[in-house]
Amino acid sequence: MKSLRKLADVVSVYTLKNTEKSIFFCILDGKYCSLRAVRLDEQRNGGCMSAELKGWEKTRPLRFAFLVDASEASHEILDEVFADCYGRWGGRYSLIVPCVDNQICPEYWPWLEHFDPDVVYSYVSLPPSAVREVHERLYPGYYIEHDDDTDRFDTRYPFDAVSSLSTLFSVARRGRWHSGGRVRIVDAWHGAKPSRVFSDNFGTHGGTIGASHLAFDASQVAGLLTIIDPAVQSDPRRGVPRDLDAVPNELAAFQCLVDGSATTMAQLSAILAPQLDVGSFTWGQSFNIVLGDTVPDRLLFWNCRLYIPSWLNTDIVCLRVTLDQLRDPDYLKVFREFMRIRNHVNDGSGGQPNLTLRSISASDADLAEAKDLIDGPGPWKRTFVQKVWALRDLVPEPRDLEHSLDGKLMNQLDTRPGWSGFPLTNRAAKPPQHPPAHFSDAPARHGYLKGFWAADYAFSDSGEGRNPQNRWHLPRRWRMAQAFGVRRSGDNRSIPPRMRAALNGCLSLPTALNAVTEVISVPQFRAALAEAFTRDEFQSKASTDERTTPMPPAVMCYESSEQPYLTGVLGMAGTANTAAELLLQPFLRAQFERLGLTTKPRAREMDNVMALVRKRLARAGGNFDPNSASDQEWLADTILRQARALRAPASYLKYSELKAAWVRHLADGDDLEDYEARLDAHYSEVNFHQENSLEKALIAMRRRKMLFQGHSWLCDYCSHENWADIGDYGAELTCEVCQTKTQAPLEPDTLFRPNDFLIRSLRDHSVLSLIWVIDQFAKRADNGFHYVGPTAFKTKFGTETSDFEVDLLMIVDDKTYIAEVKTSWRSLRQSDVAKLVEQAERLKPDIALLAIMEEGAKQQDAIFAATERLRTQNIELKVFTPSEQYEFPDEKWLFGDD
């Protein structure tokens with residue numbers, strides 16, 4: 001600072017808060033000078049991040065989604081999918097998505113996006129464009145396409161997930177999910193394949209785990225209840241153990257489920273596994289009986305269980321049956337007893353359990369017969385019937401997905417179930433090692449605990465917005481998760497799914513007991529954007545058309561030449577909200593326009609210039625060649641002539657004039673004498689604070705060096721107009737040019753002149769409109785708001801200049817924005833709309849924002865065409881004008897520091 005004092009009399013140093021790189025800059029006698037760029041976390045709290053910043057962690061099972069052809073050829077595929085799901089912790093909550101003609105059914109996309117799978121396993125050969133869409137819309141940690149070169153359909157992963165048998169010790173210890181005593185898991189004797197209906201409903205130990213016995217230490221608390229033909233059991237050649245806990249058939253095993261003396265792999269896979277709740281009045285408030293054995297019926301049976309509330313879904317809440325089974329009196333008897341004892345599904349009011357019979361393949365007559373068989377001969381009929389016409393009828397309603405809280409990152413995570421907090425220090429965290437809760441019931445390092453689960457991490461960050469705890473929200477299309485630094489420890493040699501952005505914007509990391517996350521480094525927002533836009537996560541060498549993974553939209557992105565002006569103005573104000581309070585208040589804005597602090601040309605002056613150009617063109621016969629050098633010089637001379645006639649903006653404002661204008665503004669069009677008379681009669685504290693707010697606002701701007709207070713005087717010797725700052729004002733004044741001294745007046749006019757850098761920023765670089773957009777969308781954010789200002793992009797190496805620039809990039813809660821910002825509709829051209837469309841198609845935000853800082857309409861045909869074009873790519877084009885502001889400034893109050 002001392003060295004700077006030698007260069008100028010007025011020295012002020014600023015830093016911009018709340019962005020990734022903070023620009024230190026100074027004002028030397030009203031001139032902007034950049035000093036150096038530093039990371040924001042180097043200047044806060046002596047080089048440390050705020051101690052208030054936190055992270056939160058929640059564990060859950062890995063989520064799997066399977067893409068399966070909906071034709072009848074998929075029965076064997078579904079056999080393997082069901083077995084795989086029952087063998088994984090949380091596997092019963094997997095989603096199976098039907099495909100037709102090697103494409104995902106369009107109706108299932110909203111459900112698939114909300115389901116948020118960590119792994120997408122496809123038995124369908126999707127075209128490259130469809131695979132890219134999966135990556136862009138779902139951001140899976142793995143996309144695996146089944147190898148068609150083999151006749152086997154069993155699932156194959158390069159990693160292991162936590163086994164459903166990991167819950168076995170919790171079941172044995174807590175006794176909540178069985179009738180007590182030793183846990184008995186339903187199994188089938190090896191070599192004997194259970195019926196497809198039985199496997200679909202319950203699964204078997206051998207069919208899911210692929211082993212014929214439990215681990216030794218697990219056998220102390222559990223055993224297998226084996227379904228075995230009595231003839232096989234009595235045959236000494238088969239080597240069946242004499243003490244085998246056995247039942248003769250599937251019906252006997254079903255009876256054991258009725259009285260709770262046995263449990264199933266289907267139940268173990270769901271116990272203590274967090275579920276994505278999607279409430280549905282149609283599907284989630286009754287026990288579902290699916291009649292039929294076609295592939296659509298099996299898909300209906302599997303997916304409808306996802307609607308049952310999590311507090312019920314660990315039990316058996318859905319069964320698939322055939323009409324032949326219901327016609328069997330023995331089966332029907334056990335079935336009715338099961339419904340009487342084990343059905344607890346209702347609408348949540350605690351009333352009578354509900355039962356609904358559904359089918360896609362069954363005829364109306366078959367459904368009626370099945371209903372009569374289930375209800376029996378008694379007078380009370382409790383079974384509802386619903387004919388399901390197609391698999392698309394199972395898709396959740398948009399309102400059900402919208403109202404689900406699982407896809408939303410809520411406030412107050414410290415009080416949310418399952419979340420545990422930890423501190424962030426210097427943008428790095430050592431998260432606590434919290435394995436799934438049921439691991440505590442099992443012996444340490446037991447084999448059933450091996451495999452990966454998912455840990456979701458949420459991070460707070462400083463920033464603009466209403467919420468004091470600004471939170472990171474990682475979008476799917478902008479692959480920012482790869483910018484987080486993760487250090488693991490352990491000896492796990494498998495290849496887990498990639499870390500990814502989960503639906504609620506959290507960072508999702510696969511974790512295992514032998515692959516522990518030790519440190520997570522949280523990047524700066526601009527650095528994370530640079531990773532998302534320039535890094536090829538998959539290192540693919542395929543051509544654009546053949547590529548199945550997203551291609552980075554650019555090879556380089558960096559701050560454009562316009563960014564320092566936004567940085568400087570926000571550095572003066574401190575925050576975007578303060579800048580908006582000072583620069584966008586209607587009264588102050590009107591006064592500042594007199595000083596030239598605006599990019600908006602006066603309409604009358606524009607009309608005069610246009611009228612003169614039209615008049616000169618008419619005199620020239622209307623022959624104007626824009627490519628002719630002489631015609632270009634003629635047009636420039638015409639415009640310059642008119643420009644000389646324009647009145648230059650004022651150099652300063654008198655405080656007395658500002659005060660009088662503020663009083664007239666408060667009078668709101670009333671006669672000034674009548675207004676002052678009313679004040680004399682009913683003067684209140686409100687009126688006092690309103691009038692005094694002008695002084696507070698000017699002091700706030702003076703303190704921030706946005707305005708300089710002083711005195712202007714004319715040298716009697718050389719006629720130079722001098723400026724004396726309030727701090728330099730003394731009894732004697734010296735001319736800056738001729739050094740002539742003169743006595744200062746006793747009562748000088750108090751004047752305010754704007755900072756030269758502020759004038760250039762607002763007049764020549766549209767900073768005011770950028771601040772308007774930033775402030776408005778920061779106020780709209782509930783949980784998180786991040787932005788970067790003008791950014792330049794290069795799409796290929798070897799070029800000196802950027803290929804395109806974006807005015808603003810924002811993440812507002814869970815939506816990504818790119819913005820084209822204009823001060824007025826006059827400055828909007830058709831090429832600007834086309835440019836925004838091209839940028840949106842390349843960067844793929846959720847919303848392409850066209851922000852115009854005045855009311856009106858222009859280029860409506862181009863905007864409509866752009867809207868339709870972007871809609872086909874799931875991008876919304878939004879026009880934002882002052883009428884859509886989140887809140888409007890109070891015109892009778894001015895901002896001031898407390």
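Q: Accessible areas come from the Shrake-Rupley method with a 1.4 Å probe, and for residues only the protein chains shown count as cover; what does the accessible surface of the protein come to?
A: The total is about 41,200 Å², and 50% of that belongs to carbon and sulfur atoms. This is a predicted model, in which local features need pLDDT of at least 70 and side-chain atom pairs count only at pLDDT 80 or more, while totals for chains, interfaces and linings use all residues. Residues are numbered from 1 along each chain as its sequence is written, and side-chain values use heavy atoms, with hydrogens and water left out.

Q: How many helices and strands does the protein have?
A: There are 29 helices and 37 strands. These are DSSP runs, numbered from the N terminus: helices are H or I with at least four residues, strands are E with at least two.

Q: What makes S21 and strand S22 a pair?
A: Two strands pair if DSSP finds at least two bridges between them. S21 and S22 (residues 507-511) have 2 bridges, in the antiparallel sense, so they qualify. Arginine 500 stands opposite serine 508 in S22.

Q: Which strands are the edge strands?
A: The open sheet has 5 strands in the order S17-S4-S19-S22-S21, with antiparallel pairing. Its edge strands are S17 (420-423) and S21 (500-501), since each pairs on one side only.

Q: What makes the unit of S8, helix H5 and S9 right-handed?
A: A crossover earns that name if, with the strands pointing away from the viewer, the path from the first strand over the helix to the second runs clockwise. S8, H5 (residues 128-138) and S9 make a β-α-β unit of this hand. Strands S8 (residues 119-122) and S9 (residues 142-145) pair in the parallel sense over 4 bridges, with tyrosine 121 opposite isoleucine 144.

Q: How do you know that arginine 60 and aspartate 456 meet in a salt bridge?
A: The term asks for a side-chain nitrogen of Lys or Arg within 4 Å of a carboxyl oxygen of Asp or Glu. Here the N to O distance is 2.8 Å, so the pair qualifies. Arginine 60 lies in strand S4 (residues 54-60) and aspartate 456 in strand S19 (residues 453-459), so the bridge ties together parts that are 396 residues apart in sequence.

Q: Why does arginine 60 count as buried?
A: Buried means under 20% relative accessible area, exposed over 50%, and partly exposed in between (1.4 Å probe, protein chains only). Arginine 60 has 5% relative accessibility, so it is buried, and aspartate 456, at 6%, is buried as well.

Q: Why is glutamate 657 called partly exposed?
A: Its relative accessible area is 38%, which lies between the two cut-offs, so the name fits. Glutamate 657 meets arginine 594 in a salt bridge (3.6 Å, N to O), and arginine 594, at 37%, also counts as partly exposed.

Q: Why is H27 described as largely enclosed by the rest of the structure?
A: Of the 14 residues of H27, 13 are buried, so the description follows.

Q: How far does helix H27 (residues 767-780) reach from its first C-alpha to its last?
A: It reaches 20 Å, close to the 20 Å expected at 1.5 Å a residue; the expected span is 1.5 Å times one less than the number of residues.

Q: What separates lysine 779 and aspartate 775 in helix H27?
A: They are 4 residues apart, so about one helical turn lies between them. Their side chains meet in a salt bridge at 3.1 Å, N to O.

Definitions and conventions. Accessible areas come from the Shrake-Rupley method with a 1.4 Å probe; for residues, only the protein chains shown count as cover.
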